Amino acid sequence: MPLLAPTDNVVISRRDRAQPTEPEIVMENRWCSACGCEFSPRPQAPRQAYCTKPECRRERRRLWQMAKRRSDPDYLANQTQAQKAWAARNINYWKQYRTDHPSYAANNRSRQRSRNNKRKQPSVAKMDLSQASDLLETGHYELRRIGVSPVANMDPWIVKITVLSRAAGPSTIAL
Ligand SMILES: [Zn+2]
């Protein structure tokens, strides 16, 4: 049996006939609130104020978060919590890293030791000169940093030391 009897009133419409097109929305160009460059906003975001550069997107997000933190105490609390959790994870990360890389930790320790040693050496300006006040005369001296490796040794500085006073107690000198 045929699907359509000749008497049936059938209207076959053409599907591929051109559909009426939506009016094209032409967005006016505007200037990015972050970088100031001209851009055309997407039709879906007519209020778009930032261009699509990554740094401008970041700026937009940063400002959004700042406003959100001010206006939404729950959001602020969440963020604070997340940051604490991140810091805790990070500490654990470095602890684990030092455990997994013993040489890294050893190098760090020796660098810290040498920094500490350097700190222990008295600087010239802090030296108590009461003992030396009779020996130290105004004049030119070679100033050489001690306690550094020979490779890093530089030519000594020529400095002029002027004895300002020889009163009892530490002498005062000017370099
Ligand atoms: Zn921009």
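Leaving aside its neighbours within four places in sequence, which residues is Cys32 in contact with? I took this up as my opening entry, bearing in mind that the model is predicted.

**Entry on Cys32.** I looked up the position of Cys32 and found it in the loop that runs between strand S1 (30–31) and strand S2 (38–39). Beyond the neighbours within four places in sequence, I noted Cys37, Phe39, Tyr50, Cys51 and Cys56 as the residues in contact with Cys32. I then asked whether Cys32 is buried or partly exposed, and I recorded it as partly exposed because it has 18 C-beta neighbours inside 10 Å, where 20 or more would be needed for buried. I also checked Thr52, which is 20 residues from Cys32 along the chain, and the two C-alpha atoms are separated by 9.0 Å.

**Entry on the overall layout.** I counted three helices and five strands in the protein, and in sequence order I wrote the pattern down as β-β-α-α-α-β-β-β. Of the 175 residues in the protein, buried ones make up 1%. Among contacts with a separation of 6 or more, I found that 24% join residues 24 or more positions apart.

**Entry on the helices.** For helix H1 (residues 54–71), I compared the ends with expectation: its 18 residues should span 26 Å at 1.5 Å a residue, and the end C-alpha atoms are 26 Å apart, so the two agree. I found zero buried residues in H1, which is hardly covered. Helix H2 (residues 73–100) has 28 residues and reaches 40 Å from first C-alpha to last, close to the expected 40 Å. H2 is likewise hardly covered, with a count of zero buried residues.

Key: Residues numbered from 1 in each chain as written. Predicted model: local features only at pLDDT ≥ 70, side-chain atom pairs only at ≥ 80, totals over all residues. Helix = DSSP H or I, 4+ residues; strand = E, 2+ residues; numbered from the N terminus. Expected span 1.5 Å × (residues − 1). Buried ≥ 20, exposed ≤ 12 C-beta atoms within 10 Å, placed from the backbone. Contact = placed C-beta atoms within 7 Å.
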